[in-house]
Amino acid sequence: MSEERNNLYPVFLKVEKLEILIVGGGFVAEEKLTFLLKSSPATKVTMVSPMFREGTVELAKKGAVTLIEDSYKTSYLKGKHMVIVTTDKPAVNIQVYMDCREQQKLVNVADNPPYCDFYMGGIVTKGNVKIAISTNGKSPTTAKRLRQFFEEVIPDKIDDLVKNLNDYRNIIKGNFEQKVEQLNEFTKSLVEKQE
């Protein structure tokens, strides 16, 4: 029996430069919107749903979020780069997925891995340091627990280290390879076990 593996390729998107559509207005839609805005408050999001939770309406006022009270129509995909589908109607979710495939748009149907081009994993952010956690769509709960663990163990001062290393990198002399070697030597103590 061959060992299963995670073949996902992690990327960090500059979502403030993208147009994002969320189809749905319930709890899951609000959760997805919350995490998008937490990562990048300037994210441009359009949400389409016959109704929206009160919390979603309040959240939308704090960001660049457009709420459209309507049922999904293919025309809402126009100009969008990425689509997140969160309705409790499987037929609607699959229709949005098929429309996105036809128009070559990235799509995530929440809690339905076969209908996802990407997953929204657990995210840990400490200043400039960001860690994304994926369980290959198998266990969002595990990703959540790992996120909580890393939030606890990564010190808040990690951002100071990153800024100092960036300053140091800018003053190092030599070619790219020499700079990498010096930075590797300088940061080796971060991963060496203390005895």
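Okay, so let's start with Q104, which sits out in the open: its relative accessibility is 72%, so it counts as exposed. Keep in mind throughout that this is a predicted model. Where do you find Q104? Look in the loop between α3, residues 90-102, and β5, residues 106-109. The thing that caught my eye there is the backbone: Q104 isn't a glycine, yet it has a positive phi of about 55°.

There's another residue like that, D111. It has a positive phi too, near 60°, and again we're not talking about a glycine. D111 belongs to the loop that runs between β5 and β6, with β6 covering 122-126. Buried or exposed, then, for D111? Exposed, because its relative accessibility is 68%, and the cut-off for that label is over 50%.

Now stay with β6 for a second, since there's a nice hairpin here. β6 pairs with β7, residues 129-133, and the two strands run antiparallel, with five bridges between them. If you want one pair of partners to click on, take G122, which is across from I133 in β7. The hairpin made by β6 and β7 has two residues between the strands. And in that turn, G127 shows a positive phi of about 65°.

Next up, the aromatics. How many aromatic pairs does the count give? Two. One of them is Y97 with Y115: the ring centres are 4.9 Å apart and the planes meet at 85°, so we call this one edge-to-face. The label follows because anything over 60 degrees counts as edge-to-face. What I like about this pair is where the two partners come from. Y97 is in helix α3, while Y115 is in the loop between β5 and β6, so the contact ties together parts that are 18 residues apart in sequence. How covered are they? Y97 is buried, at a relative accessible area of 14%, and Y115 is partly exposed, at 24%.

The other pair is F149 and F150. Here the ring centres are 5.3 Å apart and the planes sit at 70°, so this pair is edge-to-face as well. F149 is partly exposed, with 46% relative accessibility, and F150 is also partly exposed, with a relative accessible area of 28%.

On to the cysteines. How many disulfides turn up when you search the whole structure? Zero. Take C100: it is in no disulfide, and the nearest cysteine sulfur, the one in C116, is 11 Å away. Why doesn't C116 bond with C100? Because 11 Å between the sulfurs is too far for a bond; the cut-off for a disulfide is within 2.5 Å. Both cysteines are tucked away, by the way: C100 is buried with a relative accessible area of 0%, and C116 is buried with 16%.

Last stop, back toward the start of the chain. Which residues make the nonpolar surface patch of about 370 Å²? They are Y9, V11 and L13. To find the patch on screen, go to V11, in the segment before β1, where β1 is residues 19-23.

So if you're opening this for yourself, I'd click on Q104 in its loop after α3, then the Y97 and Y115 rings with their planes at 85°, and then the β6 and β7 hairpin with G127 in the turn. That's my tour, thanks!

How values were computed. Residues are numbered from 1 along each chain as its sequence is written. This is a predicted model: local features need pLDDT of at least 70, side-chain atom pairs count only at pLDDT 80 or more; totals for chains, interfaces and linings use all residues. Side-chain values use heavy atoms; hydrogens and water are left out. Helices (H or I, at least four residues) and strands (E, at least two) are DSSP runs, numbered from the N terminus. Buried means under 20% relative accessible area, exposed over 50%, partly exposed in between (1.4 Å probe, protein chains only). Patches are made of residues with over 30% relative accessible area and no salt bridge: like charges are joined within 9 Å, nonpolar side chains (Val, Leu, Ile, Met, Phe, Trp, Tyr) within 5 Å. Accessible areas come from the Shrake-Rupley method with a 1.4 Å probe; for residues, only the protein chains shown count as cover. A salt bridge is a side-chain nitrogen of Lys or Arg within 4 Å of a carboxyl oxygen of Asp or Glu. Rings of Phe, Tyr and Trp (its six-membered ring) pair if their centres lie within 6.5 Å; planes under 30 degrees apart count as stacked, over 60 as edge-to-face and the rest as tilted. Two strands pair if DSSP finds at least two bridges between them.
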